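Me: Please take one strand of this model and describe it closely, together with its partners and the rest of the fold around it. A formal, connected account would suit me best.

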Amino acid sequence: PRLTSWIPVIRSISAGRLTKLAFECAIEGCFRFVSDVGGDFGNPPGLSPAFIARFDGSHWQSMGSGMDSTVYALAALPNGHLIAGGEFTSPGAHIARWDGNTWSPLGAGVGGGNGFPTVHAIQSLGTDIFAGGDFTTGGGARAARVARWNGSAWSPLASGLESANPA
């Protein structure tokens, strides 16, 4: 369907910092508008989203128990799953997958960095997921600020990056 009007979605979230909106829609026969919102913000009316929530066009919905800290990056996958990255350590070490019902970690996630490992960017390509940010390990292996998840393991991208500037 075609978006015919704007809905004041953001006004229903109390003051804070929204980091990114990710929009999901089934490839065929999409009959609803779904927006996943991550960041460091107050709760939508009636919910305790814990740094992430879903808006279905009319109502806010919790996404499981959410995260334990700020979400900085979201990426919607073709299969309808959502990848979230940020400062959180639960449900995964700074990166996790939402399958529509529950959050799960992507292996051992990422770590290291300058005191506060953080995922600032996520991109998918085919079945691979790429994460960038302020971290020095992916799944326990050296990965200087950029790493690839192939569905079962983390690996570095060449020698990585010298700086984690979240531009």
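Reply: Two strands are said to pair if DSSP finds at least two bridges between them. The strands themselves (E, at least two residues), like helices (H or I, at least four residues), are DSSP runs, numbered from the N terminus. The model is predicted, so that local features need a pLDDT of at least 70 and side-chain atom pairs count only at pLDDT 80 or more, whereas totals for chains, interfaces and linings use all residues. Residues are numbered from 1 along each chain as its sequence is written, and side-chain values use heavy atoms, with hydrogens and water left out.

The strand chosen here is E6, which spans residues 82–86. Of its 5 residues, 5 are buried, where buried means under 20% relative accessible area, exposed means over 50%, and partly exposed lies in between (1.4 Å probe, protein chains only). In a regular strand the side chains alternate between the two faces of the sheet. In E6 both faces are covered: Leu 82, Ala 84 and Gly 86 are buried on one side, and Ile 83 and Gly 85 are buried on the other.

E6 has a partner in strand E5, residues 71–76, with which it pairs in the antiparallel sense over 5 bridges. Within this pairing, Ala 73 has Gly 85 of E6 as its bridge partner. The hairpin of E5 and E6 has 5 residues between the strands, and there Gly 80 takes a positive phi near 95°.

E6 is also joined to strand E7, residues 95–98, by 4 bridges, and these two strands run antiparallel. Two residues of E6 illustrate the register. Ala 84 has Ala 96 of E7 as its bridge partner, and Leu 82 has Trp 98 of E7.

These pairings belong to an open sheet of 4 strands in the order E5-E6-E7-E8, with antiparallel pairing. E5 and strand E8 (103–105) stand at the edges; each has a single partner strand, so one side of each is left without a neighbour in the sheet. Neighbouring strands of this sheet are turned by 25° against each other on average, direction ignored; for such angles, axes are lines fitted to C-alpha atoms (for helices over the stretch in contact), and angles run from 0 to 180 degrees between N-to-C directions.

The wider setting contains another sheet for comparison. It is open and has 4 strands in the order E10-E11-E14-E15, with antiparallel pairing. Strand E10 (118–125) and E15 stand at its edges, each with a single partner strand, so one side of each is left without a neighbour in the sheet. Here neighbouring strands are turned by 30° against each other on average, direction ignored. E10 and E11 run antiparallel and are joined by 7 bridges, and Thr 118 has Asp 134 of E11 as its bridge partner. E11 (residues 128–134) pairs with E14 (residues 146–149) in the antiparallel sense over 4 bridges, with Ile 129 opposite Trp 149 in E14. E14 in turn pairs with E15 (residues 154–156) over 3 bridges in the antiparallel sense, and Ala 147 has Pro 156 of E15 as its bridge partner. The hairpin of E14 and E15 has 4 residues between the strands, and Gly 151 takes a positive phi near 105° there.

Aromatic side chains add a further element. The structure holds 2 aromatic pairs; rings of Phe, Tyr and Trp (its six-membered ring) pair if their centres lie within 6.5 Å, and planes under 30 degrees apart count as stacked, over 60 as edge-to-face and the rest as tilted. Trp 98, the bridge partner of Leu 82, forms a tilted pair with Trp 103, at 5.2 Å centre to centre and 50° between the planes. Both Trp 98 and Trp 103 are buried. The rings of Trp 149 and Trp 154 have their centres 5.4 Å apart and their planes at 50°, so this pair is tilted. Trp 149 counts as buried at 7% relative accessibility, and Trp 154 is buried with a relative accessible area of 9%.

Finally, the protein as a whole: it has 0 helices and 15 strands, and buried residues make up 42% of its 167 residues. The exposed area is about 8800 Å², of which carbon and sulfur atoms supply 54%; accessible areas come from the Shrake-Rupley method with a 1.4 Å probe, and for residues only the protein chains shown count as cover.
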